[in-house]
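Hi everyone, thanks for making the time today. I'd like to walk you through one structure, starting with the strands and then moving to cysteines, a glycine and the charged pairs. Here it is on the screen.

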Amino acid sequence: ARVDPTADVGPFVFIGAGAEGGPGCQIEPSSYVGAGARLGRDCRVGPGAVVGRECELAAEVVVGPGAVVGHEGFGYYQDRAGWQPVPSAGNVALGRAVTVGANSCVDRGTLATTAVGAGTKIDNLVQVGHNVRIGERALLCAQVGLAGSARIDDDAVLAGQAGVADHRRVGGGARVGAGSGVARDVAPGATVSGYPAIAHPLWLRASTLFARLGQMARQLRELARRVDRLTERIERR
């Protein structure tokens, strides 16, 4: 391993073979830097955090306490013996000034790279699946989940607990409301909410009806009974 003399390495840190720590890096206590990983200038790896093998952190990246960058992706195939893991041969690349919050996870790619663009901020308890590509200056709030191969373009914002299905794309500058589930692509600049996510104004109108559904169902049944009675009278005539 090659660690710059200006770096600060805390107690109980492990740095693997061939890893690099750039000038001004802070590798805080009990963290792990895997073999061949590269940390750019002024990176900070929080206590108990993990930077997996061959992962690349550009300058000024912050990995919060307990976060894991570069764990195996969640991929399995089934045979007669049960679920078998698909190996993850890729890595993770975090661009300049990316922040990964505490206890968040960014999985390595299956064959390629899971990439996060410069200036993107990831909150605590966020899951970024294998092969995901996130653009620059995106914002992912707490408990967001991105399934494998999802794509988030520049300047998109995903509010808390939003989820994006595998292979779906959220366009540049789009907004996804809290608790929403993205099951199809979101156009650039669009604002969507709900599950499944639809245009935000439409979701607001629909959500106001939820509390009235019971009353509306009773009214509909009463109207149906009246129609039946009127139909019987007409048929008797």
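Before the sheet itself, one definition: two strands count as paired here if DSSP finds at least two bridges between them. And please keep in mind that this is a predicted model.

With that in hand, let's look at the sheet. Nine strands form an open sheet with parallel pairing, and if you read across it, the order is S3-S6-S9-S12-S17-S20-S23-S26-S29. Which strands stand at the edges? They are S3, residues 14-15, and S29, residues 181-182. Each of these has a single partner strand, so one side of S3 and one side of S29 are left without a neighbour in the sheet.

Let me zoom in on one pairing inside that order. S9 covers residues 50-51 and S12 covers residues 68-71, and two bridges pair them in the parallel sense. If you want to find the register on your screen, look for valine 50, which has valine 68 of S12 opposite.

There are other strand pairings worth a stop. S15, residues 91-94, runs parallel to S18, residues 113-116, and four bridges join them. Here valine 92 sits opposite threonine 114 of S18. S18 also pairs with S21, residues 133-134, again in the parallel sense, over two bridges. In that pairing, alanine 115 has arginine 133 of S21 as its bridge partner.

Now for a pair that runs the other way. S13, residues 76-79, and S14, residues 82-85, are antiparallel and share four bridges. Two residues make the hairpin connection from S13 to S14. Within this pair, glutamine 78 is bridged to tryptophan 83 of S14.

On to the cysteines. How many disulfides does a search of the whole structure find? Zero. Take cysteine 43: the nearest cysteine sulfur belongs to cysteine 25, at 4.9 Å, and cysteine 43 is in no disulfide. The cut-off used for a disulfide is sulfur atoms within 2.5 Å. Is cysteine 43 buried or exposed? Buried, with a relative accessible area of 1%. Cysteine 55 is in no disulfide either; its nearest cysteine sulfur is that of cysteine 43, 12 Å away. Cysteine 55 is buried too, at 0% relative accessible area.

Next, a glycine I'd like you to click on. Where is glycine 171 found? In the loop between S27, residues 169-170, and S28, residues 175-176. Despite the loop position, glycine 171 counts as buried, at 3% relative accessibility. Leaving aside residues up to four places away in sequence, glycine 171 touches Asp153, Ala156, Val186, Ala187 and Pro188. You can also relate it to glycine 135: the two glycines are 36 residues apart in sequence, and their C-alpha atoms are 9.8 Å apart in space.

Last topic, the charged side chains. As a general reminder, side chains of opposite charge can pair when their charged atoms come close. The count in this model comes to 17 salt bridges, and I'll show you a few.

First up, glutamate 56 and arginine 38, whose side chains meet at 3.0 Å, N to O. Glutamate 56 lies in S10, residues 56-57, and arginine 38 in S7, residues 38-39, so this salt bridge ties together parts that are 18 residues apart in sequence. Both ends are partly exposed: glutamate 56 at 32% relative accessibility, arginine 38 with a relative accessible area of 39%.

Then there is a local group in helix H2, residues 213-236. Glutamate 222 makes a salt bridge with arginine 225 at 2.8 Å, N to O, and another with arginine 226 at 3.3 Å, N to O. Arginine 225 is three residues from glutamate 222, about one turn of the helix, and arginine 226 is four residues from glutamate 222, also described as about one turn. Glutamate 222 is partly exposed, with a relative accessible area of 26%. Arginine 225 is partly exposed at 42%, and arginine 226 is partly exposed at 46%.

One more to finish on. Which residues are linked in a network of salt bridges? Arg41, Asp42, Glu60 and Arg96.

That's my tour; thanks for listening, and I'm happy to take questions.

Terms used: Residues numbered from 1 in each chain as written. Predicted model: local features only at pLDDT ≥ 70, side-chain atom pairs only at ≥ 80, totals over all residues. Heavy atoms only, no water. Buried < 20%, exposed > 50% of the residue type's maximum accessible area, 1.4 Å probe, protein only. Contact = heavy atoms within 4.5 Å. Salt bridge = Lys/Arg side-chain N within 4 Å of Asp/Glu carboxyl O.
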